[in-house]
Amino acid sequence: MTDSTAVLAADFPYAGDTSYTLPGYDPLPINITINVPNIPIGMTDQHPWLRRINPREGVEELLWLESRPPELAAYQGRWVAVMGQHIVADGANMSELRTLMAEGSIMGGLVAHVPEDIGQTEYLIG
Amino acid sequence: MTALLTFDEELDYGDRHRISIPIRVENLPYQVEALIDTGAGVSCFDRALLPDLAIGEVTTGIAIPVRSANDAVAGTGYLHSIRIEIFGRDMTIPVAFCPDWPEGTPNLLGMRGFFEQMLIGFDHQQRRMYYSFT
């Protein structure tokens, strides 16, 4: 059996923490235990991690992003963290956003890249 | 012939010509968007996620050839076994990461592994996705 236990890099922004709770947003601590068990591909873990209370979490944020609200125009080409219908953090790249989220204790929400051509109707092909 | 499929849940995926859902990847404290892509043979995620997944060297995965439908983009992807959570259900699927593709590339949920664990139907006229976990 291959050992796929993940090892966190020293500069991993969430290193040193074991759980997070975002007050007023997600009452269930998110277990971020860093040891990833080796589960064969295609098998469902019989001992799943702590899940969110709301299994539809992220849907509101995604639909809001997909509706291409005018607020997104200021974030073209950037990475954003969205909670509800609000952008709570943004960065020039994923790494910068991740750092900002860690510094601001921003947990939860949806992280996404805003396309450069946000105002155009796009058709993704293959 | 009549084929009757039943599903446990439905989702309004909004007024766009693509279907994406929020997923949580491993134990990361945020969610990301992923496209439901029946045209993808395997799931392929944005390499921007690699640092948070503590995958320092992507080439430690299983190398597979990958290419886009029109051959415009081709290269080598590296399969890693990744845990994801979808609508409260967690599963482990093979995910390819392509180091040569730019950050911001959409996360794709493809056939191998993912669609083997979910039954999904679409009514695009009504913008409804129906799904069950197998």
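Start with chain A and colour it by secondary structure: from the N terminus on, its elements run β-β-α-β-β-α-β. That makes two helices and five strands for chain A. Keep in mind that you are looking at a predicted model. The predictor gives the complex an ipTM of 0.83 and a pTM of 0.76. For chain B, the mean pLDDT is 91, and 100% of its residues reach 70 or more.

While chain A is selected, here is some background on it. Of its 126 residues, 22% count as buried. Take the contacts in chain A between residues at least 6 apart in sequence: 50% of them join residues at least 24 apart.

**Stop 1: helix α1 of chain A**

Select residues 59–66 of chain A, which is helix α1. Which of its residues are buried? Show side chains for Glu61(A), Leu62(A) and Leu65(A), and you have them. Now turn the view so that you look down the axis of α1(A): the buried residues fall within an arc of 95 degrees, so they line one face of the helix.

What covers them? Bring up β3 (79–83) and β5 (110–113) of chain A, plus β2 (20–25) and β3 (31–36) of chain B; the cover includes these strands from both chains.

**Stop 2: just past the helix**

Step along to Arg68(A), just after α1(A), and check its backbone: phi is positive there, at about 50 degrees. A little further on, pick Glu71(A), which sits in the loop between α1 and β3 of chain A. Is Glu71(A) buried or exposed? Glu71(A) has 12 other C-beta atoms within 10 Å, and 12 or fewer counts as exposed, so Glu71(A) is exposed. Draw a C-alpha to C-alpha distance from Glu71(A) to Gln85(A) as well: the two are 14 residues apart in sequence and 9.9 Å apart in space.

**Stop 3: β5 of chain A and its neighbours**

Go to β5(A) and show its side chains. Leu110(A) and Ala112(A) are buried on one side, Val111(A) and His113(A) on the other, which leaves both faces of the strand covered. The general pattern behind this view is that side chains in a regular strand alternate between the two faces of the sheet.

Next, add the pairing partners of β5(A). β3(A) runs antiparallel to β5(A), and four bridges join them; look for Val82(A) standing opposite Leu110(A). Then cross into chain B: β5(A) pairs with β3(B) in the parallel sense over two bridges. Leu110(A) is again a handy marker, as it stands opposite Gln31(B) in β3(B).

**Stop 4: the nonpolar core**

Now select Ala81(A), Val82(A), Val111(A), Ala112(A), Cys44(B), Val95(B) and Ala96(B). Among the 53 residues of the largest nonpolar core, these touch the most other members. Centre on Val95(B) and leave aside residues up to four places away in sequence: Val95(B) touches Ser43(B), Cys44(B), Phe45(B), Leu79(B), His80(B) and Ile82(B).

**Stop 5: a sheet in chain B**

Finish in chain B with an open sheet of three strands, in the order β1-β10-β9 with antiparallel pairing. At the edges are β1 (9–12) and β9 (118–123), each pairing on one side only. From one strand to the next, the twist averages 25 degrees. Zoom in on β9(B) and β10 (residues 128–133), where six bridges join the antiparallel pair. For a last pick, choose Asp123(B): its bridge partner in β10(B) is Arg128(B).

Definitions and conventions:
Residues numbered from 1 in each chain as written. Chains lettered and ligands numbered in written order. Predicted model: local features only at pLDDT ≥ 70, side-chain atom pairs only at ≥ 80, totals over all residues. Core = buried A, V, L, I, M, F, W, Y, C linked by C-beta atoms within 7 Å. Buried ≥ 20, exposed ≤ 12 C-beta atoms within 10 Å, placed from the backbone. Contact = placed C-beta atoms within 7 Å. pLDDT = per-residue confidence, 0-100. Arc of directions from axis to C-beta. Pairing = 2+ DSSP bridges. Axes fitted to C-alpha atoms, helices over the stretch in contact; angles between N-to-C directions.
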